[in-house]
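These are notes for a colleague who is opening this structure for the first time. Please read them with the sequence and the 3D view side by side.

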Amino acid sequence: MSEEFMEYTTFHVTAKDGSDVELAVITEFEFEKKNYVAAARIENDTVSEEGVYIYRVKADGDDFRFEMIADAAEYEKVVNAYLELED
């Protein structure tokens, strides 16, 4: 039995309790001319299958920043776009 090793782009965010959380990008997508990622927590060197987090991606030269989507209406639209991609 062989296990397939997948390499993910990862980034860190600060949780509400102040702890550092590492996330792996599982999907990148565009919606209304903006770039987004769907990411999942990394736990014990494994990408969790429990929950997906959506972040806006901002390019800054060769670097990228991942931003929370603060506007509830925008977040809902982006989540719905992501769910349509997954169907």
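1. A nonpolar patch sits on the surface, formed by Tyr8, Ile26 and Val52. Together these three residues have about 210 Å² of accessible area. Please keep in mind that the model is predicted.

2. Where does Tyr8 lie? Its place is the segment before strand 1, which runs over 10–14. Tyr8 counts as partly exposed because its relative accessibility is 32%, and partly exposed covers values between the 20% and 50% limits.

3. Next come the charged pairs. Side chains of opposite charge can pair when their charged atoms come close. The count of salt bridges in this model comes to four.

4. One salt bridge joins Lys77 and Glu32, with 3.8 Å between the closest N and O atoms. Lys77 is in helix 1 (residues 72–86), while Glu32 is in the loop between strand 2 (20–31) and strand 3 (34–43), so this pair ties together parts that are 45 residues apart in sequence.

5. Are the two partners of that bridge buried or exposed? Lys77 is partly exposed, because its relative accessible area is 43%. Glu32 has a relative accessible area of 54% and is therefore exposed, the cut-off for that class being over 50%.

6. Glu67 and Arg56 also meet through their side chains in a salt bridge, at 3.1 Å from N to O. Glu67 belongs to strand 6 (residues 63–67) and Arg56 to strand 5 (residues 53–60), so the pair ties together parts that are eleven residues apart in sequence. Arg56 is buried, because its relative accessible area is 13% and buried means under 20%.

7. Which other residue forms a salt bridge with Arg56? Glu74 does, and the closest N and O atoms of this pair are 2.8 Å apart. The two residues link distant parts of the chain, with Glu74 in helix 1 and Arg56 in strand 5, 18 residues apart. Glu74 counts as buried because its relative accessibility is 16%.

8. Which residues make up the network of salt bridges? Arg56, Arg65, Glu67 and Glu74 are joined into one network by salt bridges that share partners. When viewing this network, note again that Arg56 and Glu74 are buried.

Notes:
Residues numbered from 1 in each chain as written. Predicted model: local features only at pLDDT ≥ 70, side-chain atom pairs only at ≥ 80, totals over all residues. Heavy atoms only, no water. Patch = residues over 30% accessible without salt bridge, like charges linked within 9 Å, V, L, I, M, F, W, Y side chains within 5 Å. Areas by Shrake-Rupley, 256 points an atom, 1.4 Å probe, with all protein chains shown as cover. Helix = DSSP H or I, 4+ residues; strand = E, 2+ residues; numbered from the N terminus. Buried < 20%, exposed > 50% of the residue type's maximum accessible area, 1.4 Å probe, protein only.
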